[in-house]
Amino acid sequence: MDPAQFFAASRLVIVAGKGGVGKTTVTAALARAAALSGLSTLIVEVEGKSGLASVFGREPLSYEEITLSPGGGPEGAADIRARTLTPDDALLEYLRDHGMSRISKRLASTGALDVVATAAPGIKDILILGKVKQLERAQAADLIVLDAPAAGHAITFLLAARALLDAVRVGPINTQAREVLDLLTDAERCQVMLVTLPEETPVNELVDTAYHLEDRVGVSLGPVVVNGLYSVIPGLDADPAAAADDASTSLRDGEANSLRAAADFRRHRMDLQREQVERLGAQLPLPQLQLPYLFNADLGPPELEQLARELLHGIVKLEGAHP
Ligand SMILES: Nc1ncnc2c1ncn2[C@@H]1O[C@H](COP(=O)(O)OP(=O)(O)OP(=O)(O)O)[C@@H](O)[C@H]1O
Ligand SMILES: [Mg+2]
C-alpha cells in the first residue's frame with residue numbers, strides 16, 4: 001500500500017498500548033514516516049514527560065506548538081510540529097474561547113479543576129480529547145498523531161467520552177463528549193494503532209484492549225505495531241554453529257563458547273518472539289507492522305530515522321486500500 005494513501009486514510013491516529021511498550025517511540029516513528037511521505041504532521045503528547053522530543057534530539061515540549069523537524073531535505077519531507085496538552089490548559093483555553101476569562105483565572109488560582117475532576121471522572125480526558133477534536137476540525141496538520149497516556153490508562157481515556165455522555169445528559173459537557181465520540185467512531189477521521197512487545201502478557205493485554213475498544217468505544221483499529229523484535233544478525237543467527245567455529249580459529253575456547261552461548265540465547269528469544277507474533281496474528285485479525293529492537297542506550301534521531309524507514313517498508317507491504 002502507498003504510504004501517503006495509508007497516512008491520508010484518517011486525519012487523527014491515536015497510538016495506544018500498555019505502559020512501556022514503545023508508544024512514544026512509535027508515535028515519533030509514525031510522524032517521521034508520514035512526513036517522509038509528504039504529509040505535514042502534528043504530534044500531540046499528553047501531560048508531558050513522554051521523552052518524545054528527545055527522540056528528535058530536542059528539549060521537552062510545552063503547551064506552545066513548536067516545529068520539531070522542519071520540512072525539506074533531499075526527500076522533500078513535510079514538517080513535523082509538536083505540542084503537549086494538559087487538561088488544565090485545555091480548560092483555561094476553552095473558558096477563554098467561550099468568553100469566561102475571569103472565571104478561568106479564578107479556577108486556575110484555586111485548583112478548582114481537581115475538585116471538578118473528582119466529582120466527574122473522565123472530565124480531564126474529555127478536555128484533552130475535546131482539544132484534539134478542535135485541532136482535527138481546524139485541520140491543524142495533514143496528520144495528527146496522539147501519544148495516548150501511559151500505563152493502562154488508554155482505554156479509560158477513550159471510554160471517557162461514552163461514560164460522560166451517559167452521566168451528563170445536557171449542556172456543554174454533553175455536547176463536548178458527543179462530538180469527541182463522533183470523532184473517535186468515525187473511521188475516516190480517526191483510527192487507533194495499538195502497540196505491543198512480542199511477549200506473552202503485552203500480547204494478551206493488547207488482544208483484550210483491541211476487543212474492548214471496538215465493542216465499547218466503536219473505534220476503528222489500524223494495523224498493530226509489534227515493537228522490539230530481535231532481528232537476524234547475519235552470520236551469528238543464520239548459522240551460529242558455523243559462526244562460532246569460524247571464530248574459534250582465532251578465538252580461545254572460552255571465547256568461542258561464549259559466542260555459541262550468546263547465539264543460543266538469541267535464537268531462543270527469537271523463537272519465543274516469533275511464537276507470540278503468530279499467536280497475536282491468530283487471535284486478532286489485524287495486519288501487523290513490525291519494528292526491530294535497537295541495541296542503543298538512548299534512541300535519538302538516527303534510530304528514529306531507521307524505525308521510520310522500517311514502518312514505511314511494512315506499510316508498502318500491507319494489502320488493501322484501507323489500513
Ligand atoms: N524498538 C526499540 N528498540 C530499542 N529500544 C526501544 C524501542 N522502542 C522503545 N524503546 C525504548 O524503550 C523505552 C520505552 O519506550 P517508550 O517510551 O516509547 O514507551 P511508552 O509506551 O511510550 O512508555 P510509557 O508507557 O512510559 O509512556 C524507552 O527507553 C525507549 O527508548
Ligand atoms: Mg510514552
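Here is a walk through this predicted model, from the overall fold to a couple of individual residues.

Let's start with the broad picture. The protein has 323 residues, and 49% of them count as buried. Its secondary structure adds up to 13 helices and eight strands. If you look at contacts with a separation of 6 or more, 73% of them come from residues 24 or more positions apart.

Now the sheet. It's an open one of eight strands, with mixed pairing, and the order reads 3-4-2-5-1-6-7-8. Strand 3 (66-69) and strand 8 (288-292) sit at the edges with a single partner strand each, so one side of each has no neighbour in the sheet. Going from one strand to the next, the twist averages 25°. As a reminder, strands of a sheet pair through backbone hydrogen bonds, either parallel or antiparallel. At the strand 3 edge, the pairing with strand 4 (residues 80-85) is antiparallel and is made by three bridges. One place to look is isoleucine 66, whose bridge partner in strand 4 is alanine 82.

Which helices pack on this sheet? Helix 7 (residues 123-137) does, touching strand 1 (12-16), strand 2 (41-46), strand 4 and strand 5 (143-147). The direction of helix 7 makes about 155° with that of strand 4. Helix 10 (residues 200-217) packs on the sheet as well, where it touches strand 6 (190-196) and strand 7 (224-229). The direction of helix 10 makes about 165° with that of strand 6.

Helix 7 also has a helix to pack against. Its angle with helix 9 is about 60°, and the two axes are 9 Å apart. That angle makes helix 7 oblique to helix 9, and the crossing is left-handed. On the helix 7 side, the contact uses Ile123, Ile126, Leu129, Gly130, Lys133, Glu136 and Arg137. Helix 9 answers with Ile173, Gln176, Ala177, Glu179, Val180, Leu183 and Leu184. Sorted by class, the contact of helix 7 with helix 9 has eight nonpolar, two polar and four charged residues.

Compare that with helix 2 (residues 23-36) and helix 13 (residues 301-317), which pack at about 70° with their axes 8 Å apart. These two are therefore roughly perpendicular to each other, and their crossing is right-handed. Helix 2 brings Thr25, Ala28, Ala29, Leu30, Arg32, Ala33 and Leu36 to the contact, while helix 13 brings Leu304, Glu305, Leu307, Ala308, Arg309, Leu311 and Leu312. By class, the contact of helix 2 with helix 13 comes out at ten nonpolar, one polar and three charged residues.

Finally, zoom in on two loop residues. Arginine 189 is in the loop between helix 9 (171-184) and strand 6. Is arginine 189 buried or exposed? Its relative accessible area is 19%, so it counts as buried, the cut-off being under 20%. Leaving aside residues up to four places away in sequence, arginine 189 touches Ser10, Arg11, Leu12, Glu136, Arg137, Asp182 and Leu183. You've met some of these already: Glu136 and Arg137 of helix 7, and Leu183 of helix 9, belong to the contact of those two helices.

The other residue, glutamine 139, lies in the loop between helix 7 and strand 5. Glutamine 139 has a positive phi of about 50°, although it isn't a glycine. With a relative accessible area of 52%, glutamine 139 is exposed.

Note on methods. Residues are numbered from 1 along each chain as its sequence is written. Chains are lettered from A and ligands numbered from 1 in the order in which they are written. This is a predicted model: local features need pLDDT of at least 70, side-chain atom pairs count only at pLDDT 80 or more; totals for chains, interfaces and linings use all residues. Side-chain values use heavy atoms; hydrogens and water are left out. Axes are lines fitted to C-alpha atoms, for helices over the stretch in contact, and angles run from 0 to 180 degrees between N-to-C directions. Helices (H or I, at least four residues) and strands (E, at least two) are DSSP runs, numbered from the N terminus. Angles under 35 degrees count as roughly parallel, over 145 as roughly antiparallel, 65 to 115 as roughly perpendicular and the rest as oblique. A crossing is left-handed if the near helix is turned anticlockwise from the far one by less than a right angle, and right-handed if clockwise. Contact means heavy atoms within 4.5 Å. Ala, Val, Leu, Ile, Met, Phe, Trp, Tyr, Cys and Pro count as nonpolar, Asp, Glu, Lys and Arg as charged, and the others, Gly among them, as polar. Two strands pair if DSSP finds at least two bridges between them. Buried means under 20% relative accessible area, exposed over 50%, partly exposed in between (1.4 Å probe, protein chains only).
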